[in-house]
Amino acid sequence: MNAYSHTHLKCDLFGVSHVHDRSHCLFNNRTWSASHVPDIIGTSHLNRRGYTSTTISYQVMEHMQTNVVAKEYSDDLPITSSYESAMEALSSLITCKKRGDTSSVGGKYGKLERMSIYLKILGLEEKIDGLRIIHVAGTKGKGSTCTFCEAILRECGFRTGLFTSPHLIDVRERFRINGLDITEDRFLPYFWSCWSQLEEKVTEDLPMPPLFQFLTLLALKIFICEQVDVAIIEVGLGGKRDSTNVINKPVVCGITSLGMDHIEALGNTLGQIASHKAGIFKPHIPAFVVPQLSEAMDVIHEVAEGLAVPLGVVPPLDCEKMDGFKLSLSGDHQSINAGLAVALSKCWLQRTGNWEKLIRKQEILEGDLPEPFHRGLSTAHLSGRAQIVYDTSLKSYNSSKEPESSCGDLIFYLDGAHSPESMEVCGRWFSTAVKGNQKTLSRLRVENAEQVLGNGHIQYGSGKMEEPYETSKQILLFNCMEVRDPQALLPQLVNTCVSSGIHLSKALFVPSMSSYSKVTSAASVIPENFSRDLSWQFNLQRLWEKMIHGKEVDIVMDAELEIDAAKVLPYEFLYEDASHCSPVDNRFSCSAVIPSLPLAISWLRDCVKRNPSVRIQVLVTGSLHLVGDVLKLLKR
C-alpha cells in the first residue's frame, strides 16, 4: 500500500469549528473524534480563513478505526496517473455511448432495488438518514438551487456536502465539501474503496453499477465519511426512478421549474414529467415547489396529497429583501431558484431545531432574511451557468476585469442551456449582459478621459488617441446533442436576442471535444485527432442559414475540411455583411462549420490579435459538454 509518511488533517476533525470564519459561526453541534477519520487522507489544501492543519504520522493513523479501504497502487505511480486510472475505471461504467441510447445493464434487479443492494455492500444503508438531506428535482435550475442552499447553510455555520451533475471539466466538481471541490488526494481513497467493495460482489445477477449510480453511491460514501451536517443532493434524471431516490427520509424536498426535456425517458407531456419529478416526495416530509403551469402543478398537488406531503408554492425572491446584497448567479431567472433555496434552507433549519437559534442570534425582524442567507445568496458559485469569462491568453486584466493592453477584446458568455425554455432565459441574460458591458465601457471611457477631441475620439490618460472597441461583434458558438431538436432551440434563442436589441452576426458550429463515452479530468490530454463526421454540424448550419435568409439554402458539406483555422475560416469572414453573404459557400456565409473547438478558439483569438479595436462577445450554449470544453481550453 502506498504509505504517506505525513498526512495533513483539518483541525475541525478534532473538535475545532469547521466554519470558514469564526465570527459567522452559529452552531457547533457536532464533535469530531479520531475514530471518524479515514485511514488515508492526503494533504488537503484549503486556502480559506479559519482552516489550519495538523500533522499525524501514518503509523498513528493505522490504528484508527475506519470504514475506508484504500486502493493499493504502486509507490512509483504519480497521483495524477492514479487519478487518470480512476477516470478510466469510471469510463468503463458508461452503458450508453450517446444520449438517448438504451441502457444495457444486466442482472435481474431493477435500478432502485440494485441501488439498495449496493448500499448494503458499502455499509451505508443505515447511515444515509444521518446526512439530513435536502433533495431537489426539476428541469431547470436544480444545480443553482442546490448551490444556493449549500452556500446559505455553510454561512450559517454547518459543514456541507453538495452533489450535483453533470461536471464540466473534472468529475470532482460533483462532490463539494464546505463549498470546495473534493481534492484528488481525498477523492482517490474514497473512490477505490467503493470500487473494490462493489467489484468483489459482482455476479451475473449484480453487475457493477452504471456511471451515475456509482457516482451517487460515491457521493453518499464521501458525505458520510466526511461527517457533513447537511447533504444537498441534486436529482440526476426525473426523480421517481432516479438513482438518488434511494433517499427515504430527507429533511425536505424541492422541485424547480419544469419544462419539456428528456422526453424519451420521462414522457412527452408536462404532466408526465411532473409525475416523475414529484416521485421524490416521501410521506409526511415537507416539500416546496416554484410556480408551474397548471398541467404540471395539478399533478404535483395530486402526488403530494396522496402522500400527505405538506406542500408549499414558493414565489421568486424579492431582491429588495437582500439588504444591499446581489445574487451571485446571473440572470433574472435566478430569483426563482433563490426563492426556492431560501424556503428549503429555512425548512431544514426549522426541522433540525436550528431556526430559533438563528433568529435569536441575528435578532432579525419577521419576514427579513438572516445575514447568513444574504451572504450565501451573494457568494454561491456554479460554473457554466450564465458565466462570463474574459480570455486572458492575449492580455492582462486589472481587478475590474477591463483590458489593460492594446489588442482587441475576447469575452465568452457561457451557459449550458439545452431546452427551449432555458434558451429563452439564456437569450435574455446574454442580451442584458452585453448591454451592461457596453454601458460599463462607455462610463469608463468618460471617467478616464482627459479631453474629448472634435472627431469624437477620446483622449485617455495613457495618451492613446483612438477609441477602443469601435467594432463589436456578437458571435454564437453552438453545438447540441443529436437527440435535441435544434429547430426548437435556435429560433428561440435568436428571437429572444433580437427582441432585446442584440443581433448575433455570425454562428460557428463545432463538435464537442468531450465524449459521452469517456470520463476525463482537467489534466486529460486534449485529443489531436478530431472526428471527421461533421454531418450534424452542417445540419445545424443549414437550419441557421434558413433562419437568416428565410428560405432553404444549399450547404456544401466538405468531407475534406482541412484542420487549419486560417484555411477553414478566413479572417475576413468576421466582417462580411450578412446581407451580402453567399448562401452557397459555407465558408463565406453568415455561419461556418469548424472541424474542432480548439480551431474555433484559435480563429477567434487571431481575429482579436489582428484588430485591437474589435470586441468579440461569444455566446457559448446548447450543451454543457461544449461549455465545459471551452472552459478547459481557456484554462490551459
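Alanine 308 is partly exposed, with a relative accessible area of 40%, where partly exposed covers the range between buried, under 20% relative accessible area, and exposed, over 50% (1.4 Å probe, protein chains only). This alanine sits in the loop that runs between α9 (294–306) and β10 (311–313), and its phi is near 55°, a positive value in a residue other than glycine. Helices and strands are named here as DSSP runs numbered from the N terminus, a helix being H or I over at least four residues and a strand being E over at least two.

The model is a predicted one, in which local features need pLDDT of at least 70 and side-chain atom pairs count only at pLDDT 80 or more, while totals for chains, interfaces and linings use all residues. Residues are numbered from 1 along each chain as its sequence is written, and side-chain values use heavy atoms, with hydrogens and water left out.

**Overall content**

The secondary structure of the protein comes to 18 helices and 18 strands, and buried residues make up 55% of its 636 residues. Among contacts between residues at least 6 apart in sequence, 77% join residues at least 24 apart, a contact meaning heavy atoms within 4.5 Å. The structure holds zero disulfides, a disulfide being a pair of cysteine sulfur atoms within 2.5 Å. Cysteine 156 counts as buried at 0% relative accessibility, and cysteine 590 counts as buried at 2%.

**Loop residues**

Histidine 284 also has a positive phi in a residue other than glycine, near 70°. The table sets out the accessibility of three loop residues.

| Residue | Loop | Relative accessibility |
|---|---|---|
| Histidine 284 | between α8 (270–277) and β9 (287–289) | 56%, exposed |
| Alanine 308 | between α9 (294–306) and β10 (311–313) | 40%, partly exposed |
| Proline 511 | between β16 (506–509) and α15 (535–549) | 14%, buried |

Proline 511 touches Asn479, Leu534, Gln537, Ile594, Pro595, Ser596 and Leu597, when residues up to four places away in sequence are not counted. The C-alpha atoms of proline 511 and leucine 597 are separated by 6.7 Å, although the two residues are 86 residues apart along the chain. Another proline, proline 166, lies in the loop between β4 (160–163) and β5 (175–177), and the peptide bond that leads to it from serine 165 is cis, with omega near -5°.

**Helix α3**

Helix α3 (residues 111–122) has 12 residues, which at 1.5 Å a residue should span 16 Å, and its end C-alpha atoms are 17 Å apart, which agrees; the expected span is 1.5 Å times one less than the number of residues. Within α3, Arg114, Met115, Tyr118, Leu119 and Leu122 are buried. They cover an arc of only 145° around the axis, which puts them on the same side of α3, the arc being that of the directions from the helix axis to the C-beta atoms. An α-helix has 3.6 residues a turn, so residues three or four places apart point the same way. What covers the buried residues of α3 includes α5 (184–200) and α6 (211–225). Just after α3, glycine 123 takes a positive phi of about 70°.

**Strand β8 and its partners**

In strand β8 (residues 252–255), Val252 and Gly254 point one way while Cys253 and Ile255 point the other way, and all are buried. Strand β3 (residues 133–137) runs parallel to β8 and is joined to it by four bridges, two strands being paired if DSSP finds at least two bridges between them. Alanine 137 has isoleucine 255 in β8 as its bridge partner. Strands β8 and β9 pair in the parallel sense over three bridges, and the bridge partner of cysteine 253 in β9 is alanine 287.

**Nonpolar cores**

A nonpolar core is a set of buried Ala, Val, Leu, Ile, Met, Phe, Trp, Tyr and Cys residues joined through side-chain atoms within 4.5 Å. The largest has 47 residues, of which Leu90, Phe175, Phe187, Phe191, Phe214, Leu218 and Phe223 touch the most other members. The elements that give two or more residues to this core are α2 (79–91), α3, β5, α5, α6 and β7 (230–234), and α6 gives the most, with 11 residues. Phenylalanine 191 touches Ala86, Ala89, Leu90, Phe214 and Leu218, not counting residues up to four places away in sequence. A second, separate core of 38 residues includes Val230, Ala338, Trp355 and Leu358.
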